[in-house]
Each structure stands twice: as structure tokens, then as C-alpha cells.
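Me: I am new to this structure. Could you show it to me and then take some questions?

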Amino acid sequence: MKLKIVVSLSLLACIGIMEQAFAFNPRDLDRLKSTGSCPRCNLSGADLTEISLVRANLRSANLRNAILSQVNLANADLTSANLQGAFLDLANLTGASLTGANLKSASLANANLSRAGLMGTNLEATNFEGANLEFTNFRGAHFRRTIMADGFRTSDKPYDWSLERATVKECYRFRTANVPGTTCFSK
């Protein structure tokens, strides 16, 4: 009987510790709002709806499951940031650097990603439906079950794909739409 009580209390303590580990740090949020810079900070699950973070430094930040709907992240540095499961619908990411970021299962529906850099980014199960992808650099990005701007769903098999293809013949291999700024674009 005592063993059951000890085990139950231990499990409850572990659950409490795990919840704290996945919650955002309020000091990090205050720092971001006041300075526009918070590299390597923990903002997982934070609600940043409609905040202006133009040119913000969020390099290697943990934004897992964060709500970034309608946020302005124009020219922001999100290099190596964890945005897994983040909600970025209607966000402005014009010119943002998302190189090496984790966008697995993130939603970027109707977001503006024009001139953004997503080189080497994990885009598995990411939703780009209705997003502006003009001049977006996807070189070396990992697409798997990704929903593209036109609603096209990529293969279930993992592959690295780029909208920039060396030859027109390669354009038709994974062609999804005419996207200006890519080698596959034609008028």
C-alpha cells in the first residue's frame, strides 16, 4: 500500500516538473517585448498574437506550439528556432531567416513568406495553404506531407526538395504551381 502511494506521488511530481519544462518563461516574454531580441529563450506555448516583432532576434528560440497568428516578423532572425506545432496563420515573415528551423506540423496558412529563407528547414506536415511564397528560398528543405500554397500535398516519402531546379526538365518532377522567383516559374 505504501509503495503505491510513493509511486503515485512520484508520478505526480514528474508530471508537474514536465509541465514546467514545456511552459514558456514569462521573463523571456517580457525581454522579447521590451528589446525585440530573445535568442535561445523559451517561449513555448506563448500567445504572441498580433505583436510586431520586425527584425526580432529569435535565433535558436523555443517557440514550440506558440500562437503567432497575425504577428509581424518581417526580416526577423529565426535561424534554428523550434517552431514545431506553432500557429503562424496570417503572419508576416517577409525577408525572415528560418534557416535550419523546425516547422514540423506548423500552420502558416495565408502567411506572407516572400523573400524568406527556409534553407535546410524541416517542413514535415507544415501547412502553407494560401501563403505567399514569392522568391522564398526552400533549398535543402525537408518536405514530407507538406501542404503547399495551392493545396498540393507533397509525398509521404521524405525528400529534400527545392523550388529552384537547374533545368526545366527537373521543374516538372515536383511541380506544384507557377511561383514567381523560381526557375520553374513561367508566364
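Reply: Below are short questions and answers on this model, which is predicted.

Me: In what order do the elements of the chain run from the N terminus on?

Reply: The secondary structure comes to three helices and two strands. Read from the N terminus on, the elements run α-α-β-β-α.

Me: What share of the residues in the chain is buried?

Reply: Buried here means under 20% relative accessible area. The chain has 187 residues. Buried residues make up 40% of them.

Me: How much of the exposed area do carbon and sulfur atoms supply?

Reply: The chain exposes about 10000 Å². Of that area, carbon and sulfur atoms supply 53%.

Me: Among contacts between residues at least 6 apart in sequence, what percentage joins residues at least 24 apart?

Reply: Take the contacts in the chain between residues at least 6 apart in sequence. The part of these that joins residues at least 24 apart is 4%.

Me: Which residues form the disulfide?

Reply: The structure holds one disulfide. A disulfide is a covalent bond between the sulfur atoms of two cysteines. In this one the sulfur atoms are 2.3 Å apart, and both cysteines are buried. The pair is Cys38 and Cys41.

Me: Which elements give two or more residues to the largest nonpolar core?

Reply: The largest nonpolar core has 43 residues. Leu58, Leu113 and Phe128 have the most contacts inside this core. The elements that give two or more residues to the core are helix H2 (26-35) and strand S1 (141-143).

Me: What does Leu113 contact, leaving aside its neighbours within four places in sequence?

Reply: Leu113 is one of the residues with the most contacts inside the largest core. Its partners include the leucines Leu93, Leu98, Leu108, Leu118 and Leu133. Leu113 is also in contact with Ala131, Asn132, Glu134 and Thr136. One more partner of Leu113 is Phe128.

Me: Why is the pair of Phe128 and Phe138 called edge-to-face?

Reply: A search of the whole structure finds two aromatic pairs. In the pair of Phe128 and Phe138, the ring centres are 5.9 Å apart. Planes over 60 degrees apart count as edge-to-face. The planes of Phe128 and Phe138 meet that cut-off, because they stand at 80°.

Me: How far apart in sequence are the parts that this pair ties together?

Reply: Phe128 and Phe138 are both buried. Each lies in the loop between H2 and S1. The pair therefore ties together parts that are ten residues apart in sequence.

Me: Which residues form the aromatic cluster?

Reply: Phe128 and Phe138 both belong to one aromatic cluster. Phe143 is part of that cluster too. The members are Phe128, Phe138 and Phe143.

Me: Is Thr154 buried or exposed?

Reply: Thr154 sits in the loop between S1 and strand S2 (159-161). Its relative accessible area is 5%. The cut-off for buried is under 20%, so Thr154 is buried.

Me: Which backbone nitrogens does the side chain of Thr154 meet?

Reply: A polar atom of the Thr154 side chain lies 2.8 Å from the backbone nitrogen of Thr146. The side chain of Thr154 also reaches a backbone nitrogen at 3.2 Å, that of Arg145. The two nitrogens belong to Thr146 and Arg145.

Me: What separates the C-alpha atoms of Ala125 and Lys104?

Reply: Ala125 lies in the loop between H2 and S1 and is partly exposed, with a relative accessible area of 27%. Not counting residues up to four places away in sequence, Ala125 touches Ser105, Ala106, Arg144, Arg145 and Thr146. Ala125 and Lys104 are 21 residues apart along the chain. Their C-alpha atoms are separated by 5.9 Å.

Conventions: Residues are numbered from 1 along each chain as its sequence is written. This is a predicted model: local features need pLDDT of at least 70, side-chain atom pairs count only at pLDDT 80 or more; totals for chains, interfaces and linings use all residues. Side-chain values use heavy atoms; hydrogens and water are left out. Helices (H or I, at least four residues) and strands (E, at least two) are DSSP runs, numbered from the N terminus. Buried means under 20% relative accessible area, exposed over 50%, partly exposed in between (1.4 Å probe, protein chains only). Contact means heavy atoms within 4.5 Å. Accessible areas come from the Shrake-Rupley method with a 1.4 Å probe; for residues, only the protein chains shown count as cover. A disulfide is a pair of cysteine sulfur atoms within 2.5 Å. A nonpolar core is a set of buried Ala, Val, Leu, Ile, Met, Phe, Trp, Tyr and Cys residues joined through side-chain atoms within 4.5 Å. Rings of Phe, Tyr and Trp (its six-membered ring) pair if their centres lie within 6.5 Å; planes under 30 degrees apart count as stacked, over 60 as edge-to-face and the rest as tilted. A polar contact is a pair of N or O atoms within 3.5 Å; within protein, one must be able to donate a hydrogen and the other to accept it, and residues adjacent in sequence count only if both atoms are side-chain atoms.
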